Amino acid sequence: MNHLKAVNRKAARVERATEPDVVALQRTGPPLLQPHFPIGCSLVFSPGWEADRTGGTAGLCQPVERDLFDCHIGCYWPAQVPDQLNHAPDWTSKCAAAQKDWRKIDLIFP
Amino acid sequence: MTVWGVREHHRFEAAGKPFVYLVPSAAIFELDEAADTVLQTLRERPRTREELTAALAGSDTVSDPVAALDAALAELARVQAIAEVNAPVAPTPKVIPLAPFPLTTMVLNVTNQCNLSCEYCYEYGEDKIVDTENGRQPKFMSEQTARDSVDFMLRESGDNKVAHVTFFGGETLLNFPVLQKTIAYARQRGAELGKQVDFSLTTNGTLLKPDVIEFLAENQVGVTISIDGPKEVQDKFRVFHNGTGSYDVVAPKIKELLKRHRSRPIGARVTLTSGKMDVKRIFRHLTEEIGFWEVGFAPVTTAPGRGHAIPDRGYDEMLAQFRDLADEFLEASVQNRHHGFSNVKETLEELHKGVSKAFPCGAGLGLLGVATDGDVALCHRFAGSDAHKLGTVGGGIDRDAQRAFLESHHIANKTDCSRCWARPLCSGGCYHEAHTRYGETIHPNLHYCDWIRGWTDVCLKVYGELAVRNPAFLAQFDDASMKEPVS
């Protein structure tokens, strides 16, 4: 901590006990009250977040295009993509490799 | 939009820096300018981040106010000095220590008789709990009961390697023969069980004959002398049965004791009463003229309206004098010189550790008092009282009674204390004081709340000054035991 300095032993314990854990998501607005634990993709080393904590893409582990498949197929996380099982089974048929072909994906309207 | 507000705390300044004492965690943090501005602004009323930005923008010394604000907000929220105003406040958890809780200190009332008749005495005076004159208890503890008590102590001390036995009275030394034999027996039994037994006693000093002094020094018995100060103060209340003062009898004996007994620091324990309360003069006399290593002061325990009771304004006077002595203590400690004002030292130790008490003291938990007949009570002040009995040395601790006591006396039950920032240290105050004043042990001692908060503030400032000016001084409390003084 930079603005508070632990003076007595209890303060040192409070500081240790409230040590922020994994904080990976982009954050603006009020500071977090609790350590934030992102679950899901980051646990399988396939982060898939749309933006890094600064709001850009430079800090992501994988190209943003990979999100497409990792988020809605490999992960239970409800990605904002069409329902490929029931409604739009061919939605990505022209997109063999997302890195190259992502422009070929059509807009789908429900 | 998030609105921030303060949580329970006490802000204080020391060595020119702002600090915060957090409640109920009892953590002490030093604040930088950004954090202090946020806290001070929120103390006025809850505010949004935008309003706080305006407050911090006026600062010349904070270079990047917005970044500093967010970081300071996050850190203050992290230690719960502030929170969103609508966030629920977690209730104080009511955790009752698991039985069997190891016994640390056993206070043995080896007699309930005394050769003095101090008017204010809680054992004999107008506020006594037990009828020691006509009651059923023997006037002196027998050797057998004392032995049983030692066995009880060693049995109940659990895995503790050290057990403390404090001899008390009445006038403890009236039963010197049993005291001697008990120490020998406890040493032997302790050695057999691989435990060290530590001994101390409290006495009025009248019976400190050369052979007694020799024994106490030889056996490294810690000694606390009850004495009120110079002759005119001592002789006002601390008198023999015929009314003559005790100063001329005790002063030379105490000097002999201090000369011979060098193995343990010897302290004086002063009862402050309604009379002229010249704390500094009493302190000077007892340390410089008599030679005590430490002096501790306690206001008399009494029902209101007694002649010796401290009137309400007397607490303000006492606080002012304590503050002066605490300042002396601070200056001495900054220079690594000894200063014997033990009240401040005890509080500093608790502040250093960040003690946040569920119970005001160890009575009924790590400390028990034993009456002359072997009845075990909350503490020595209740020894012999059937209403406060927690077992017998022969039959052991009555776990149901102990648990019921702890359940009912937990700080979570004391609604009067629930909004007081000093509760981590005070926790409602002495059970015996409450019993004398309000007729029930569970009652918080509301008559001295302002005094407790004032005194805690004084000690926090001393602590903050030492943390800045001589942090090495505070390191002595890292390993010090938390054994409580018995008064």
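Here is a short chat about how chain A and chain B meet in a predicted model.

Trainee: What should I know before reading the numbers?

Mentor: Residues are numbered from 1 along each chain as its sequence is written, and chains are lettered from A in the order in which they are written. The model is predicted, with local features needing pLDDT of at least 70, side-chain atom pairs pLDDT 80 or more, and totals for chains, interfaces and linings using all residues, while side-chain values use heavy atoms, without hydrogens and water.

Trainee: How many residues does each chain bring to the contact?

Mentor: Contact means heavy atoms within 4.5 Å. Here chain A gives 19 residues and chain B gives 34 residues.

Trainee: And what area is buried between them?

Mentor: The size of an interface is often given as the accessible area lost when the parts come together. That loss is taken with a 1.4 Å probe and summed over both parts. For chain A and chain B it comes to about 2,300 Å², with 60% from carbon and sulfur atoms. On the chain A side, A:His3, A:Leu4 and A:Arg9 lose the most area, together 30% of what that side buries.

Trainee: How many salt bridges link the chains?

Mentor: A salt bridge puts a side-chain nitrogen of Lys or Arg within 4 Å of a carboxyl oxygen of Asp or Glu. The count is three, including A:Lys5 with B:Glu30 at 3.7 Å, N to O.

Trainee: Where does A:Lys5 stand?

Mentor: Opposite B:Glu30 in S4(B). Strands are DSSP runs (E, at least two residues), and two of them pair if DSSP finds at least two bridges between them. S1(A) and S4(B), residues 28–31, pair antiparallel over three bridges.

Note on methods:
Buried area is the accessible area (1.4 Å probe) that two parts lose on being put together, summed over both. Helices (H or I, at least four residues) and strands (E, at least two) are DSSP runs, numbered from the N terminus.
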